[in-house]
Amino acid sequence: MQWSDLLCAERLSDPKYAEGRNRSIFVQDHDRIVFSAPFRRLANKTQVHPLYENDHIHHRLIHSVEVGSVGRSLAMHIGHWLIEQGEIGPHEDHSLANVVQAACAAHDIGNPPFGHSGEASIGDWFAERFDAGGGLCGALDSGLRDEFAAFEGNAQGFRIITRLEMYRSAGGMRLSKAVLGAFMKYPATAATRAALPAETRKTYVGLKKFGVFAAEEALFAEVAQGCGLPEEEIAGGRWWRRHPLVFVVEAADDICYNIVDLEDAYTSGDLPYDVVRDLLEDLAGRPNRDTAGLTRTEHIALLRSLAIGRAIDACVAAFCGNYPAIMAGSFSDSLIGASTCAGSFARIEDMAHERIFTSRRKTELEISGRQVIRNVLDGVLPVYEALAAAGWEAEALKGHPAQIARALSLDLRDIDGPEPALHALADFVSGMTDRYALSVSRMLSGT
């Protein structure tokens, strides 16, 4: 792979667009994402703690902003090194930083309400419907069922930014191919991934999940071609090697959610001060300043800052140390996993799984969130079933389905079969904020 291709500034579905003199296309990409409605809705979507009333707990929007900040720093350091190595030209470190910051801003834009438990709830609901058969779910091509039964926020995010938002079905936000390439963590459809041997899926990090729906595969193929990503063909399918900057975006996300989850766990009372302090000091070391006058909250905030700085340095070193494999498309680890901080992060993750993700309050709210999502899906599905019965003519909807469509302002454009109908259902539910999902659930169930 070559940086001249990887930093492709051509816009998806708008190849003739030329950037202005004073504002790069990658900065414009960032601004388009930040000013979009799906990004704004992240302010009321769960990061770790659903429906939390403590204003100091992170939500998805603040998390995305922080990931963008860390990603920009990572990319600037890496860009300086690439300039020194003669790999990119002068000032192109700013292009790297802008691409990464934009991709970081979008990295969670497809996540549903209630975090990862929301993803699982949507997938489980679809899986049950497929098992039951009948209706739209029974009519869906069996080769597409994994897209819904293993619902994936990353694929939904790519769908939002390339199809649903701004220029609907005409390139979406029309972002640069470089930013779209840096966004795509898992460059394969569910069907292609399922057709690969298990050993192949295990040996390449970009195949851990699927990251693009079949409906948007052609769009990503255009992105991949523009960025020069190596394409791998199999019988009846294809997938691609990761864009090198995906590893940087992923590292920024790993740094933020691991370290900041600890700070949130202290704020929420899920972990005591001494446990959080020790884990952060394990990563950052003890501060070389007097901390006697700091409150415990201030001390944790200081350690969090130092830990992020240490992790950034370690990930930059991991990128540089694995550069040939990354550029060849053969690197199959995370930058955190390949760094000198791997052990510290493993200990943080172990603690999170033992004490944070299993806390009683979080568990109770995830159970409630699961039922909320099921109520919404159960209540809205009849609209799409009625639409099918009406020959996909939205104007022909009558009775209760028409009432629901009006009450929820459902977007029924471009629906002409089971696949787009079920995607539209998933678009609506996954796009909801936590509190809006709760409100709609109550309306539909009459409670």
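How many nonpolar, polar and charged residues does the lining of the largest cavity have? The structure here is a predicted model, and a search through the whole of it turns up one cavity of 30 Å³ or more. The space inside the largest cavity comes to about 30 Å³. Its lining is made up of P38, R41, K45, I109, G110, Q156, I160, S430 and G431, and sorting these by class gives three nonpolar, four polar and two charged residues. As for secondary structure, at least two lining residues each come from α3 and α9.

Helices α3 and α9 turn up again around the second largest pocket. There, α3 (37-41), α9 (153-164) and α21 (418-430) each put at least two residues into the lining, with α21 giving the largest share, six residues. This pocket has a volume of about 660 Å³ and a lining of 29 residues. Nearest its centre sit L164, R168, D411, A424 and D427. Split by class, the wall of the second largest pocket comes out as twelve nonpolar, six polar and eleven charged residues.

Then there is the largest pocket, which holds about 1,000 Å³ of space. It is lined by 42 residues, and those closest to the centre are H116, K185, D253, D254 and Y257. Two or more lining residues come from each of α4 (60-84), α6 (115-132), α14, α18 and α19 (360-389). The class split for the largest pocket is 15 nonpolar, 13 polar and 14 charged.

Two of the helices that help line the largest pocket, α14 and α18, also pack against each other. Helix α14 covers residues 244-268 and α18 covers residues 342-356; their axes are 10 Å apart and meet at an angle of about 50 degrees. The pair is therefore oblique, and α14 goes past α18 in a left-handed crossing. On the α14 side, the contact uses D254, I255, Y257, N258, I259, D261, L262 and A265, while α18 brings in F345, I348, E349 and I356. Taken together, the residues of this contact are eight nonpolar, one polar and three charged. D254 and Y257 do double duty: both belong to the α14 side of the helix contact, and both are among the residues closest to the centre of the largest pocket.

Methods: Residues numbered from 1 in each chain as written. Predicted model: local features only at pLDDT ≥ 70, side-chain atom pairs only at ≥ 80, totals over all residues. Heavy atoms only, no water. Axes fitted to C-alpha atoms, helices over the stretch in contact; angles between N-to-C directions. Helix = DSSP H or I, 4+ residues; strand = E, 2+ residues; numbered from the N terminus. Parallel < 35°, antiparallel > 145°, perpendicular 65-115°, else oblique. Left-handed = near helix turned anticlockwise from the far one by under 90°. Contact = heavy atoms within 4.5 Å. Nonpolar A, V, L, I, M, F, W, Y, C, P; charged D, E, K, R; others polar. 1 Å grid on protein atoms, 1.4 Å probe; cavity = no way out; pocket = protein on both sides within 12 Å on 5 of 7 lines; lining within 4 Å. Points joined across faces, edges and corners; volume = space filled by probe spheres on them.
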